Amino acid sequence: MKKTAIVGVVAAAIGLAVGSQLPKSGTAGYAVITGTTKDREAAKEYFQNVNQFTKECGFTTLVLDRNTDIREGNKRGDSGPLTVIARHPKGKDAVIKCYESDEYQRLKAIRAPHTNWNFRLTEGKL
């Protein structure tokens with residue numbers, strides 16, 4: 001009887017530990033980026049490397065529109081015309097981890113002086 005109880009407790013602990021690492025059922029993390037690019041050539045290294053980085057990080061790009069039709073809100077400056085929506089299957093925490101990674105921060109330092117982008121990291125349906 002004691003062995004059965006011990007095995008049950010160990011199995012429950014392992015299940016909780018593994019389960020806490022899995023994404024919530026049916027949810028994904030999303031990066032939503034909008035804004036303007038002032039000098040694409042000056043940020044060339046960023047654009048040459050960001051696709052490989054996001055792929056290695058686990059993102060799938062759902063939307064890449066450089067000519068967004070903006071109907072409401074600020075039609076200049078921060079709001080467009082760029083819109084990017086990328087999905088990460090492991091949820092918002094995975095998106096944050098990728099954004100805060102050393103490699104993305106290195107790429108961001110190359111891009112930031114030449115862009116005026118807004119980043120929204122969120123979670124929604126898979």
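**Exercise 1. Check the length of helix α2 against the expected rise per residue, then describe the course of the helix.**

*Solution.* Step 1. In this predicted model, helix α2 covers residues 44-57, a stretch of 14 residues. Step 2. The expected span is 1.5 Å times one less than the number of residues. At 1.5 Å a residue, helix α2 should therefore span 20 Å. Step 3. The C-alpha atoms at its two ends are 20 Å apart, which agrees with the expectation. Step 4. The helix nevertheless has a bend of about 35 degrees, located at Val 50. Step 5. Just after α2 comes Gly 58, whose phi is positive, at about 110 degrees.

**Exercise 2. Identify the buried residues of α2 and state which elements they pack against.**

*Solution.* Step 1. Four names answer the first part: Tyr 46, Phe 47, Val 50 and Phe 53 are the buried residues of α2. Step 2. An α-helix has 3.6 residues a turn, so residues three or four places apart point the same way. Step 3. The packing partners of these buried residues are two strands and two helices: β1 (27-37), β4 (115-125), α3 (92-100) and α4 (102-111).

**Exercise 3. Classify the packing of α4 against α2 and against α3.**

*Solution.* Step 1. Between α2 and α4 the packing angle is about 155 degrees, and the axes lie 9 Å apart. Step 2. An angle over 145 degrees counts as roughly antiparallel; α2 and α4 are therefore roughly antiparallel to each other. Step 3. The crossing of α2 past α4 is left-handed. Step 4. On the α2 side, the residues that meet α4 are Glu 45, Tyr 46, Asn 49, Val 50 and Phe 53. Their partners in α4 include Tyr 104, Leu 107 and Arg 111. Step 5. For α3 and α4, the axes come within 5 Å and the crossing angle is roughly 55 degrees. This angle makes α3 oblique to α4. Step 6. Here Cys 98, Tyr 99 and Glu 100 of α3 meet Asp 102, Tyr 104, Gln 105 and Lys 108 of α4.

**Exercise 4. Decide whether His 88, Ile 33 and Asp 39 are buried or partly exposed, and describe the surroundings of each.**

*Solution.* Step 1. The cut-off for a buried residue is under 20% relative accessible area. Step 2. His 88, in strand β3 (residues 82-88), has 5% relative accessibility and so counts as buried. Beyond its neighbours within four places in sequence, His 88 has contacts that include Ala 28, Gly 58 and Cys 98. Step 3. Ile 33 belongs to strand β1; at 10% relative accessibility, Ile 33 also counts as buried. With neighbours within four places again set aside, Ile 33 is in contact with Leu 82, Thr 83, Val 84, Trp 117, Asn 118 and Phe 119. The C-alpha atoms of Ile 33 and Asn 118 are 5.5 Å apart, although 85 residues separate them along the chain. Step 4. Asp 39 sits in the loop between β1 and α2 and, at 36% relative accessibility, counts as partly exposed. Its C-alpha atom is 7.1 Å from that of Thr 115, 76 residues away along the chain.

**Exercise 5. Summarise the protein as a whole.**

*Solution.* Step 1. The protein contains four helices and four strands, in the order α-β-α-β-β-α-α-β along the sequence. Step 2. Of its 126 residues, 26% count as buried. Step 3. Among contacts with a separation of 6 or more, 81% join residues 24 or more positions apart.

Technical notes:
Residues numbered from 1 in each chain as written. Predicted model: local features only at pLDDT ≥ 70, side-chain atom pairs only at ≥ 80, totals over all residues. Heavy atoms only, no water. Bend = angle between axes of the 7 residues up to and from the residue. Buried < 20%, exposed > 50% of the residue type's maximum accessible area, 1.4 Å probe, protein only. Contact = heavy atoms within 4.5 Å. Axes fitted to C-alpha atoms, helices over the stretch in contact; angles between N-to-C directions. Parallel < 35°, antiparallel > 145°, perpendicular 65-115°, else oblique. Left-handed = near helix turned anticlockwise from the far one by under 90°.
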